[in-house]
Structures are given as C-alpha cells and as structure tokens.
Amino acid sequence: MAQAHFTTDDFHSWKPLKTVDELCEKIAKYDSQADLNLIRRAYTFSEKHHEGQFRRSGEPYISHPLSVSGILADLRLDIETIVTGLLHDTVEDTTATLDDIKREFGETIATLVDGVTKINQMKFRNSVEKQGENIRKMIVAMGKDVRVVLVKLADRLHNMRTLHHMPYDKQSRIALETLEIYCPLAGRMGINTLKIELEDLCFRYYRPDVYYILVQQIKKSEAETNRYIEEVRKQIGEALGKTNLKHEVQGRSKHLWSIYKKMTSRDLDYEQVYDVLAFRVIVSSIPECYEALGYIHSIWKPVPGRFKDFIAMPKANNYQSLHTTVMGPGGERIEIQIRTQEMHLIAERGIAAHWKYKEKGNASSNKTEAQAQWLRELVQWHQNVRNPEEFLDTVKTDLFESEIYVFTPNGDVREFPEGATPLDFAYSIHSDLGNSCMGARVNGKMVPLKYRMQNGDTIEIVTSKTQSPSKDWLKFAVTSKAKSKIRQFVKEEQRKRSLILGKELVEKEFRKFGAAAAKHFQGDVFNQFLKDFGLHSMEEMFIRVGYGKLEPRNLVEKLLPNFNQQTEKTETQSFMDKVVKAAQTKIRKSKSLVSVDGMDDVLVHFAKCCSPIPGDSIVGFISRGRGVTLHRSDCKKAFELDQERKVEVQWTSKKAELGQERNVKLKVLSQDITGLLKMMSEAFAVHGINIESAQVRTTKDKKAICVFQISVRDAKQLSEAILGLQKIRGILGVERVMS
Ligand code: MN
C-alpha cells in the first residue's frame with residue numbers, strides 16, 4: 001500500500017478518543033491480559049475530580065487525560081503508564097491528593113503521577129535560566145522512571161494538537177519550547193512517530209508563513225508524487241520478487257520539518273530539494289537486509305557517500321537500519337531504508353517498544369537499562385554546572401541525535417554529534433586524557449585539536465605532560481562532557497591564579513603604608529572584617545581581590561589601625577557599567593522597548609539582517625561602544641557572533657506604541673491575477689499597516705511575486721496581516737524575508 005499521507009491543511013491527521021470504551025478497545029488489541037477494570041476506575045476517578053472544568057476548546061476537561069492515555073496506548077505502553085495518563089492532572093488541578101491516588105491505585109502509580117506533577121510545575125516562561133533548570137529536573141525525573149517523561153511527552157503532544165485553541169501570543173512560544181526541548185527528548189528516546197508529529201506541529205505554529213507555503217507546494221505535486229511512489233514500489237517489488245525474499249515496501253514524503261531543515265541548511269528552494277521521498281523495505285532477517293540492498297543497488301546506482309550501516313553500528317537510541325540513496329526512476333534521488341520488522345518497531349517507537357507490558361514489576365530490558373544509564377551520566381556531568389544557560393547549551397547538544405561514528409584504536413565504536421573533535425573523543429574516554437590532549441592521529445595521520453571527526457575515522461589521542469586545557473578549547477569541544485570538564489579546569493586554574501595575584505596586590509598595598517600584610521590577617525579585627533564582607537577564609541579574600549571584586553585599599557582601611565584617609569581614587573568600572581553609561585547619554589526620551597539583563601535604559605539597535613519586531617523571540621549582543629544589538633533568535637547572523645557577548649534581552653511590552661513601528665519585508669507568492677494587488681493592500685490597511693514600498697515581478701508560469709516593505713508595530717499585528725493575506729484567493733504563500 002502506498003503510505004503517502006497527504007491531508008488538507010495539516011500533514012498529520014488524528015482522531016480524538018471519545019470514550020473510555022474506545023481506550024479499552026485499543027489496549028485489548030495489544031495486551032489481552034490487561035486489567036481494563038483498573039482503566040475504567042481511573043477514568044471515573046479522573047472524570048469525577050475534573051468535573052466542572054473545561055478545556056479552552058469548550059470540551060469537558062476529561063477529554064484531555066483521555067486523549068493523553070490514547071497516545072500512550074498507541075505506543076503500546078503498560079497499564080500503569082496509561083492509568084498515569086488518565087490521572088496526570090488530578091493532583092495539580094483538582095482536590096485529589098497524592099494519598100488518594102496511593103490508596104486507590106497503589107504506590108507505583110502515585111509515584112508516576114507525582115513525577116508528572118513535578119514536571120508540570122516547572123513553568124518555562126521564556127527565561128533561559130528556568131529552562132535550563134527545568135530540563136535538569138526533567139532528566140532527573142527520567143532517570144528515576146522513564147515512564148514519567150513518556151506521559152509528559154504524550155501530554156505535550158495532545159496540547160500541541162489542540163494548540164489552535166490557545167491565544168496567538170502563546171502559540172509560538174509553546175511551539176518553540178517544544179521544538180527545543182520535547183522534540184529532541186523524543187528523538188533521543190527513539191520515539192520517532194511522536195517526534196515527527198511534534199516537529200511538524202511546532203513548525204506550523206512557529207513559522208506559519210513558511211509552513212503553509214510548503215504544504216501548498218507539496219499538495220500541488222501530490223498526484224505526481226503518488227504516481228512516482230507507485231513506480232518505485234513496483235520496481236523494487238519486481239527486483240525482489242524474483243528472489244524468495246518476503247518483503248514489504250513503504251513509500252512516503254519526508255515530514256515537513258525535515259524538508260524545511262534541508263532547505264534552510266543548504267539554502268535551497270523546495271523545487272531544488274530532490275530527496276524528499278523516502279522508502280522503506282522491510283524484510284525478515286539481518287542477512288536479508290544486505291541481500292535486499294544488493295538487489296536494489298543492481299537496479300539503481302547508489303549515490304556515493306550516502307550509504308550508512310546502522311545495523312552494524314546502531315545509534316545511541318538503538319535505531320537500526322541500512323540507509324542508501326540511489327538514483328531512482330527518472331534520475332531522481334531517493335532514500336531507501338532497509339530493516340527487519342523488529343528494527344522497524346524500534347525505529348518507530350524507540351524506548352516505548354522495549355516495554356514489556358506483560359512482565360509486571362520488571363519493565364526494563366537491557367536496552368532500556370542502557371538508555372537509563374545514559375541519562376544518569378548526563379545528570380552527573382551537569383551537577384557541577386551552576387549556570388543554567390551553560391547547562392541548557394550543553395544539554396541541547398547531547399539531546400540531538402549523534403551523527404558521527406568513529407573507532408578507538410582497539411576497534412570499539414564511539415558515537416559523537418556532528419562537528420565533534422578529538423577533544424570530545426579524549427574526554428569521552430577519561431578526563432585526564434582530555435586535559436593532556438595535544439592532538440590526534442586520525443587514520444595514522446596527525447591532526448590538530450580542531451579537526452572535525454568524520455564517519456569511520458580511527459582516532460588515537462596524542463598527549464603531552466606540559467599540555468593543559470584553555471578557554472579556547474571550548475570553541476572546539478562539542479559534547480557536554482568535554483565542555484564541562486574544560487570549564488571546570490579553566491575555573492580551577494583561574495582560581496589559583498587569582499589567589500596568587502590577590503595575595504600580591506594586597507601585600508603591595510600594605511607595603512605602601514609600611515606595613516607587613518601577614519601580621520594583620522589574624523585576631524578579632526580580622527575575623528570581624530571577614531564576617532562583614534561575607535568571606536569564609538583568608539584564601540577566599542585573596543581570590544576576591546584577584547578577581548577585582550574587592551579593593552586591596554579596603555583591607556588597608558579596615559585592618560591598619562592608624563590609617564590616614566587618602567583621597568586618591570581608582571575606579572574599576574565593569575564593562576556593563578560603561579555600556580549603561582554610554583546608553584544613558586544617548587537614550588531617546590521615549591520609553592525603551594527592550595530591557596537588557598533587567599535594565600531598560602540600555603541603548604539598543606535593531607539588527608538590519610533580521611529586523612526583529614516586538615513579540616519576536618530575540619537575543620542581544622553587546623557591541624563595543626554602541627550598546628546592544630538585537631537579533632531574532634533564529635537569525636543566522638546571530639549564530640555567527642561571539643556567543644560570549646550574548647546578553648539576555650526582553651521586550652518590555654508586547655505592543656509597540658505608535659511612532660515605534662519597525663520595517664519588515666514580506667514576500668507574497670500568488671497567481672498572476674489582476675486586482676490581487678489591490679486586495680493585498682486592502683488587507684494591510686484593514687490591519688492598520690502602512691506599505692512603505694512594493695515590488696512586483698511575474699514568473700514564466702503565470703505567478704506573481706510581490707515584495708512589500710511594510711511598517712508594523714509588533715509580531716501580532718504582522719501575523720494577523722499574514723493570516724489576512726493567506727485568506728485571499730489566488731495567494732499561494734506569504735513569507736517574512738530575512739536578508
Ligand atoms: Mn495535561
């Protein structure tokens with residue numbers, strides 16, 4: 001059967017569960033021994049407690065936990081997890097207590113519900129600090145029982161499916177949060193079906209402009225695509241049919257988010273992305289996978305460098321398959337994955353597929369155990385990371401699937417994220433090996449530390465006793481383990497240096513007054529001094545002086561009995577102070593739109609490349625002497641800037657006042673119909689938007705491309721105008737242009 005699943009506007013269709021009977025039916029299909037009475041009891045309990053509560057859609061609240069359990073049942077999870085799905089919001093949102101749940105449903109379920117409640121209580125609120133902290137908690141929760149996170153993922157999926165009921169300004173924030181945290185989590189746990197649906201839902205709300213253009217483009221070529229899929233299936237079927245290989249062929253278009261990522265990473269238009277089709281051949285055994293690969297390569301030429309053997313080298317999330325890209329019918333590039341039925345199950349459901357729902361109380365297999373181990377390590381590495389932003393930064397890298405497989409000199413396989421260097425390799429083995437790493441021999445040849453490891457490389461680390469980590473290494477290291485070890489080392493070094501420097505400075509200052517420092521660092525006066533400054537030891541005092549946080553003169557003043565006040569003053573002014581000062585002299589009279597690190601009187605510039613408007617997610621970069629430059633957080637240019645200069649910025653108000661409009665560019669693709677331009681400019685006018693300039697050109701295939709320069713107050717106004725444009729007949733797509 002063809003698997004192409006094109007629907008109307010949305011790419012993924014789903015049917016909400018209406019009754020608990022439907023849920024029970026679903027469960028009975030894969031677990032005939034399931035205790036369905038327990039399910040019904042949990043449903044009744046939840047329904048009773050949520051009585052009188054409603055979703056934004058107007059439905060009774062119970063529809064949400066029921067749907068969440070439905071998703072968990074689709075993943076074929078055990079009864080305890082599904083019951084947790086039904087109860088997951090009761091403790092947080094109703095009068096039910098954890099004790100009630102323990103009494104009614106037992107210890108395990110109470111613990112699971114408690115875990116989900118705790119994750120729910122972490123409110124993300126866009127602050128990097130909270131986000132980092134929350135992921136940390138989530139991972140800790142996961143280390144205890146992975147099922148907590150599975151319920152949370154199902155909860156988020158249902159909320160994403162019903163996101164259109166949320167107010168506009170929350171939609172893109174929730175979508176972005178899901179994209180950054182939940183999608184990678186689902187991916188790391190191998191739950192592909194869930195990850196794909198989440199990603200496309202996020203795409204739709206996070207970049208509606210591009211999303212709808214892509215949907216239209218795909219729909220346009222739908223019939224042709226389906227014919228092509230049929231042709232490929234037929235030819236594979238014929239080739240394998242001559243053998244005795246039992247097989248099944250599936251063909252589909254890749255999901256929208258992956259197509260979009262391909263377009264942006266290679267800077268292509270949709271028409272230029274050729275390998276949007278993916279095919280799957282499912283056979284019965286591992287040898288048959290390789291056999292099938294041979295037959296396929298005999299009918300179509302493989303594209304060099306695109307063959308990957310994830311059977312011999314499974315991904316960290318246990319994914320296995322053979323991947324190849326071939327020049328298919330008509331010379332089109334198509335991707336083919338070959339796998340067994342069992343591999344297919346794991347590819348689709350990941351960690352959820354390992355769940356042995358029949359063995360009560362013993363739900364973990366070796367493979368889930370390995371994954372739990374990975375999580376525990378992740379938590380350990382991050383225990384020393386105090387700064388939440390640092391934590392978030394490193395943990396995000398770990399959550400994304402690894403792409404590079406390299407060999408140790410012993411022939412063991414190690415897995416790394418793309419871009420990883422010998423430093424990552426060295427630290428993955430031992431921190432001492434990392435700390436003394438000088439370079440590496442890759443396939444026998446010396447390479448520098450910044451070398452980016454390639455698939456299949458054999459890596460041998462070269463060390464030196466005189467080598468030690470430096471801050472620069474952070475530029476080369478990619479994995480969180482390497483980064484946190486380097487930071488730890490650098491901080492420790494800095495501390496040592498500050499101690500020595502501080503001691504020197506203090507002694508020098510005392511000498512100026514003809515006193516020996518050491519004499520004064522004891523006794524009651526000194527102890528009182530430490531106390532007053534919140535210091536725990538003499539060492540800490542020196543370190544503080546070394547860091548420039550404490551003036552040696554302070555010590556002299558407080559500790560020398562007959563100190564004469566002198567008026568010479570040295571000012572150490574932090575860079576941020578200077579920025580603020582410069583800003584204060586230049587700042588306009590009107591209230592600032594943006595606050596930097598909590599201060600709203602800092603001079604800001606809007607980057608020309610992405611010209612952010614109020615409501616966009618933004619980041620700020622300190623530019624010397626010119627205050628802070630604002631970029632949209634997805635701006636390519638912003639990624640190229642020195643990340644050390646990044647500061648947290650926030651809109652002080654979602655709405656700009658009149659007179660604070662900002663220019664943005666919109667590209668509108670439409671049919672070449674007379675009168676459309678007039679309708680478009682009316683759509684702008686209806687939303688109170690001025691058109692500064694407009695350019696129109698027509699294409700050979702009777703399409704028109706208009707580029708409007710408009711001035712808008714905020715993202716909400718812009719988005720409403722975009723929605724207005726999209727409703728006009730003949731308009732094919734609207735896109736906000738970033739130059
Ligand atoms: Mn919920």
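Buried means under 20% relative accessible area, exposed over 50%, and partly exposed in between (1.4 Å probe, protein chains only). This is a predicted model: local features need pLDDT of at least 70, side-chain atom pairs count only at pLDDT 80 or more, and totals for chains, interfaces and linings use all residues. Residues are numbered from 1 along each chain as its sequence is written, and side-chain values use heavy atoms, with hydrogens and water left out.

**View 1. The whole protein holds 29 helices and 20 strands.** Helices (H or I, at least four residues) and strands (E, at least two) are DSSP runs, numbered from the N terminus. The protein has 739 residues, and 50% of them count as buried. Take the contacts (heavy atoms within 4.5 Å) between residues at least 6 apart in sequence: 65% of them join residues at least 24 apart.

**View 2. Four residues of the protein hold the manganese ion.** Its donors (N, O and S atoms within 2.8 Å of the metal, or 3.2 Å for Na, K and Ca) are His64 through NE2, His88 through NE2, Asp89 through OD and Asp155 through OD. They lie 2.2 to 2.4 Å from the ion. Along the chain, the donors follow the spacing H-x23-H-D-x65-D. The two histidines link distant parts of the chain, 24 residues apart. His64 sits in helix H3 (residues 63-74). His88 sits in the loop between helix H4 (79-87) and helix H5 (90-93). Both His64 and His88 are buried.

**View 3. Helix H4 is mostly covered.** Eight of the nine residues of H4 are buried. They are Ile79, Thr81, Ile82, Val83, Thr84, Gly85, Leu86 and Leu87.

**View 4. Ile39 belongs to the largest nonpolar core.** Such a core is a set of buried Ala, Val, Leu, Ile, Met, Phe, Trp, Tyr and Cys residues joined through side-chain atoms within 4.5 Å. This one has 101 residues, and Ile39 and Ile336 touch the most other members. Leave aside residues up to four places away in sequence: Ile39 then touches Val20, Leu23, Cys24, Ile27, Ile79, Ile82, Val83 and Leu86. Apart from the largest core lies another, of 22 residues. Its members include Phe416, Cys437, Met453 and Ala477.

**View 5. Helices H1 and H3 pack side by side.** H1 covers residues 20-30. The axes (lines fitted to C-alpha atoms, for helices over the stretch in contact; angles run from 0 to 180 degrees between N-to-C directions) come within 10 Å and cross at roughly 10 degrees. H1 and H3 are therefore roughly parallel (under 35 degrees; over 145 is roughly antiparallel, 65 to 115 roughly perpendicular, the rest oblique). Val20, Leu23, Lys26, Ile27 and Tyr30 of H1 meet Leu66, Ser69, Gly70, Ala73 and Asp74 of H3.

**View 6. Helix H9 packs against helix H11.** H9 spans residues 146-161, and H11 spans residues 192-206. Their axes are 10 Å apart, at an angle of about 35 degrees. H9 brings Leu153, Arg156, Leu157, Met160 and Arg161 to the contact. H11 brings Leu194, Glu197, Leu198, Leu201, Cys202 and Tyr205.

**View 7. Helix H22 meets helix H25 at an angle of about 50 degrees.** H22 runs over residues 480-512 and H25 over residues 552-559, with their axes 9 Å apart. That angle makes H22 oblique to H25. On the H22 side are Leu505, Val506, Glu509, Phe510 and Lys512. They meet Pro552, Arg553, Leu555, Val556 and Leu559 of H25.

**View 8. Asp275 is buried in a loop, among residues that it touches.** The loop runs between helix H14 (256-266) and strand E2 (277-283). Asp275 has a relative accessibility of 3%, so it counts as buried. Asp275 touches Lys254, Lys262, Arg306 and Arg333, not counting residues up to four places away in sequence. Asp275 and Ile259 are 16 residues apart in sequence. In space they are 8.9 Å apart, C-alpha to C-alpha.

**View 9. Arg76 and Asn443 each have a positive phi.** Most residues other than glycine have a negative phi. Phi of Arg76 is near 60 degrees. Arg76 lies in the loop between H3 and H4. Its relative accessible area is 39%, so Arg76 is partly exposed. Phi of Asn443 is near 50 degrees. Asn443 lies in the loop between strand E8 (437-442) and strand E9 (445-447).
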